[in-house]
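Reader: I should like to go through this structure with attention to the terms applied to it. Please set each value against its criterion as we proceed.

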Amino acid sequence: MGKKLRIGVVAVGCAVLATGISAVAVGNGGAKAAGAPTPSIGPVSSSQAGRLDASTLARIQALNNKGVGAALLGQRLIADARTLPTRVDGYQLYLVPTETGKLCLGLGNSLEAWFDPLSQTHPVLSAAVDDDGPGGVGPTVYGVATDGVGSVTFSIDGAQHTVPVTGNVFVFHGASEAIFDSIAPVSATFANGKVQALK
Amino acid sequence: MGNMLPRYRAATRMGHLRKSVALVGALAVVGIFAATATPATTTYCNGCTLHWNGTPAVSPTTEYFTHNAVSLTTANNWHIYLYNVSTGNQTCNAEGFNTYGGAKTCANIATARCHLLQGYGVSVQATCWANF
């Protein structure tokens, strides 16, 4: 009786272990070599294909599996995901197109926002986070800009801040006391001097 | 009598072993169920209209939320966050600009909220939901 019980427990243990291993072993099946940006994302030459880190990949898969935003996005096309060379607050930035033609900008496993694809007339995707609220660590404003955009200007607490775009990425860390709701995009300035207002 | 004590001890040890093994098994089963449990979701704005004056939609209860999300019918500037009514603490803030929505992973005990950023002059139909 005791032997049967021990065998049963060992079997359960093995099943649990196997389940855990299979969960961890879900690979980056959509990995591709770096190449030119896809039309579904837009002109973002610094981005690379198939470089999602494990936690970011798991996050995107979980969002798909749970149907988060599915009515709007359909499935995220993970095989077409691209990553940006600059991390923001330690998080990997990614772009992943969707079945419905939308484009997700993700900040690791923290925030994903859903946009129209990038273009010359829609040159900037931007979002902001502030996990600890007013006080403490200030807000982080970040985003991706198309090729040719040299800087992005934001308004925070009524003051304008112009942030350079490096490798298609821009990041701005606001002051601790900055009012989160006051953040607003103002404009994108192209390298040729053209300035485009942002909504 | 001298030989019975070791046999008694051996039997007792076997009994303890069986109980321990059974306990480990039970814990493993409980762990499996806990790990695969589906979190509850509150859809606290279900096709509601978010107004440009910044008035938020609010979850009906305070929970230990782990995820907050918003989806809009047209792109706009939104803000989702967790707000503790007792302490006034506002955490897990996320904003998207000219976007159709987004999903934020961040945990706290609070109400979940979503609203449009003020000043853009339009109202938008939205869905906001949070997991706990």
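Author: The model is a predicted one. A suitable starting point is Gly88(B), which takes a positive phi near 75 degrees in the hairpin of strand 3 and strand 4 of chain B. Six residues lie between the two strands of this hairpin.

Reader: How do you know that strand 3 of chain B and strand 4 of chain B pair?

Author: Pairing requires at least two bridges between the strands. Strand 3 and strand 4 of chain B are joined by 20 bridges and run antiparallel, so they count as paired by that criterion.

Reader: What makes strand 5 of chain B a partner of strand 3 of chain B?

Author: Six bridges connect strand 3 of chain B with strand 5 (residues 124–131) of chain B, in the antiparallel sense. At least two are needed, so this pair also qualifies. Among the bridge partners are Val70(B) and Cys128(B), the latter in strand 5 of chain B.

Reader: Which strand of chain A pairs with strand 4 of chain B, and in what sense?

Author: Strand 5 (residues 111–115) of chain A pairs with strand 4 of chain B in the antiparallel sense, over four bridges. Within strand 4 of chain B, Gly101(B) is the bridge partner of Trp114(A).

Reader: How many residues of each chain are in contact, and what area is buried?

Author: The contact involves 36 residues of chain B and 37 residues of chain A. About 2800 Å² is buried between the two chains, 61% of it on carbon and sulfur atoms. Glu95(B), Phe97(B) and Tyr100(B) supply 24% of the area that chain B buries against chain A, more than any other three residues.

Reader: Why is the contact of Lys104(B) with Asp131(A) called a salt bridge?

Author: The side chains meet at 2.8 Å, N to O. The cut-off is 4 Å, so the pair satisfies it. The count between chain B and chain A is one salt bridge, and there are 15 residue pairs in polar contact between these chains. Strand 4 of chain B provides 18 residues, the largest share of the side of chain B that touches chain A. That side divides into 18 nonpolar, 15 polar and three charged residues.

Reader: What makes Asp53(A) and Arg87(A) a salt bridge, and which parts does the pair tie together?

Author: Their side chains meet at 3.0 Å, N to O, which is within 4 Å, so the term applies. Asp53(A) lies in the loop between strand 1 and helix 2 of chain A, and Arg87(A) in the loop between strand 2 and strand 3 of chain A, so the pair ties together parts 34 residues apart in sequence. Over all chains the count is four salt bridges.

Reader: Why is the pair of Phe154(A) and Phe170(A) called tilted?

Author: The structure holds three aromatic pairs over all chains. For Phe154(A) and Phe170(A), the ring centres are 5.7 Å apart, within the 6.5 Å limit, so the rings pair. Their planes stand at 40 degrees; stacked requires under 30 and edge-to-face over 60, so the pair is tilted. The pair links distant parts of the chain, with Phe154(A) in strand 8 and Phe170(A) in strand 10 of chain A, 16 residues apart.

Key
Residues numbered from 1 in each chain as written. Chains lettered and ligands numbered in written order. Predicted model: local features only at pLDDT ≥ 70, side-chain atom pairs only at ≥ 80, totals over all residues. Heavy atoms only, no water. Contact = heavy atoms within 4.5 Å. Buried area = accessible area lost by both parts, 1.4 Å probe. Polar contact = N/O pair within 3.5 Å; in protein donor to acceptor, adjacent residues only side chain to side chain. Nonpolar A, V, L, I, M, F, W, Y, C, P; charged D, E, K, R; others polar. Phe/Tyr/Trp six-rings, centres within 6.5 Å; stacked < 30°, edge-to-face > 60°.
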